[in-house]
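These exercises practise reading a protein model one step at a time. Try each task before reading its solution.

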Amino acid sequence: KGYREIGFREIQDIYASMYYFMSMGEKEFVKKLLIGWIEKVLEFGYCYHNFFWVGKEPGKWSDDGLWLLQAVYRYIQYTGDIGFLEEMYEVPEANGRKRRVYDTLKAIIKYSSKISIGKHGLPLIDFADWNDCLKVDPEYLSGKDKEKIEGPIDNYSESVMNGFLLKVAMTQLKELADILDDTPYQEELEAGINNLSHSLQRHCWKDDFFARVLFNRFGEEITYLGA
């Protein structure tokens, strides 16, 4: 990828190509790629945004880890390799400690739905949003900054797009939890999905369109960015 290196948004490149790699008998190649991303998710659930061999820019973009959920879900759909969720891989900055793929995915959801969120319960937009490159907060909190904060972070902007990405990720992880008979977590996700759906409809739907960003620092003067 040249200057941009490889990052979490490049996961989208294998959403379509995964099917063809597997048709050519390259299942292990797809799995190897996924492991490369899995091992760039930090203990707290945020990710190294870019990497070749060394991770960079941890926790600056709130959508990063949410792309990984869809890729792992699709891999298991195609292969039936549910055992992949139980495999152990290294956690960055954890002195060689390993954790299950399943626990890595759970850490991403916890960070994205309970820690890196604004007052409406949506993921913070952080440094910028993907696709439309909306950098709307002059300052932002890094993943490391958020490790010291409990509960919603009220004065920062929330990404509606990433709210929908989170809903997709939670829905797919709920299906995987069901396969693993993890009923308590399945019920936790069900409650989280319902709360998130309610917030997206109540706060983001503006009569005939969804807002793109919810602002939380201008009072009632400016509350959202239009479609």
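**Exercise 1. Two helices**

At what angle do helix 2 (residues 27-38) and helix 3 (residues 64-79) pack, and how far apart are their axes? Use the result to classify the pair.

Solution. The model is predicted.

Step 1. Two packed helices are described by the angle between their axes and the distance between the axes.

Step 2. For helix 2 and helix 3 the angle is about 155 degrees, and the axes are 11 Å apart.

Step 3. Angles over 145 degrees count as roughly antiparallel. Helix 2 and helix 3 are therefore roughly antiparallel to each other.

Step 4. The crossing of helix 2 past helix 3 is left-handed.

Step 5. On the helix 2 side, the residues that meet helix 3 are Lys 27, Val 30, Lys 31, Leu 34, Trp 37 and Ile 38. Helix 3 contributes Leu 68, Ala 71, Tyr 75 and Thr 79. Sorted by kind, the residues of this contact are seven nonpolar, one polar and two charged.

**Exercise 2. A second helix pair**

Describe how helix 4 (residues 101-115) packs with helix 7 (residues 183-204).

Solution.

Step 1. The angle between helix 4 and helix 7 is about 30 degrees, with the axes 13 Å apart.

Step 2. This angle makes helix 4 roughly parallel to helix 7. The cut-off used here is an angle under 35 degrees.

Step 3. Helix 4 passes helix 7 in a crossing that is left-handed.

Step 4. From helix 4, the contact takes in Tyr 102, Lys 106, Ile 109 and Lys 114. From helix 7, it takes in Tyr 185, Glu 188 and Leu 189. These residues divide into four nonpolar, no polar and three charged.

**Exercise 3. A sheet with strands 1, 2 and 3**

What is the order of the strands in the open sheet that holds strand 1, and which strands are at its edges?

Solution.

Step 1. The sheet is open, has three strands in the order 1-2-3, and its pairing is antiparallel.

Step 2. Strand 1 (6-7) and strand 3 (55-58) are the edge strands, since each pairs on one side only.

Step 3. Strand 1 pairs with strand 2 (residues 48-51) over two bridges. In strand 2, Phe 51 is the bridge partner of Ile 6.

Step 4. Strand 2 pairs with strand 3 over three bridges. Here the bridge partner of Phe 51 is Gly 55 in strand 3.

Step 5. Strand 2 and strand 3 form a hairpin, and three residues lie between them.

**Exercise 4. A sheet with strands 6, 7 and 8**

Find the edge strands of the open sheet with the order 6-7-8.

Solution.

Step 1. This open sheet has three strands, and they pair in the antiparallel sense.

Step 2. Strand 6 (158-159) and strand 8 each have a single partner strand, so one side of each is left without a neighbour in the sheet. Strand 6 and strand 8 therefore stand at the edges.

Step 3. Strand 7 and strand 8 are joined by two bridges. Val 213 has Leu 225 in strand 8 as its bridge partner.

**Exercise 5. Three residues and their surroundings**

Are Gly 163, Gln 70 and Ile 222 buried, partly exposed or exposed?

Solution. Buried means under 20% relative accessible area, exposed means over 50%, and partly exposed lies in between.

Step 1. Gly 163 is found in helix 6 (residues 160-179). At 0% relative accessibility, Gly 163 is classed as buried. Not counting residues up to four places away in sequence, Gly 163 touches Pro 123, Leu 196 and Leu 200. Gly 163 and Ser 197 are 34 residues apart along the chain, and 8.9 Å separates their C-alpha atoms.

Step 2. Gln 70 belongs to helix 3. With a relative accessible area of 13%, Gln 70 is buried. Leaving aside neighbours within four places in sequence, Gln 70 is in contact with Tyr 15, Leu 165, Val 168 and Gln 172.

Step 3. Ile 222 is in the loop between strand 7 (213-214) and strand 8 (224-225). The relative accessible area of Ile 222 is 36%, so this residue is partly exposed. From C-alpha to C-alpha, Ile 222 is 37 Å from Phe 51, and the two are 171 residues apart in sequence.

Key: Residues numbered from 1 in each chain as written. Predicted model: local features only at pLDDT ≥ 70, side-chain atom pairs only at ≥ 80, totals over all residues. Heavy atoms only, no water. Axes fitted to C-alpha atoms, helices over the stretch in contact; angles between N-to-C directions. Helix = DSSP H or I, 4+ residues; strand = E, 2+ residues; numbered from the N terminus. Parallel < 35°, antiparallel > 145°, perpendicular 65-115°, else oblique. Left-handed = near helix turned anticlockwise from the far one by under 90°. Contact = heavy atoms within 4.5 Å. Nonpolar A, V, L, I, M, F, W, Y, C, P; charged D, E, K, R; others polar. Pairing = 2+ DSSP bridges. Buried < 20%, exposed > 50% of the residue type's maximum accessible area, 1.4 Å probe, protein only.
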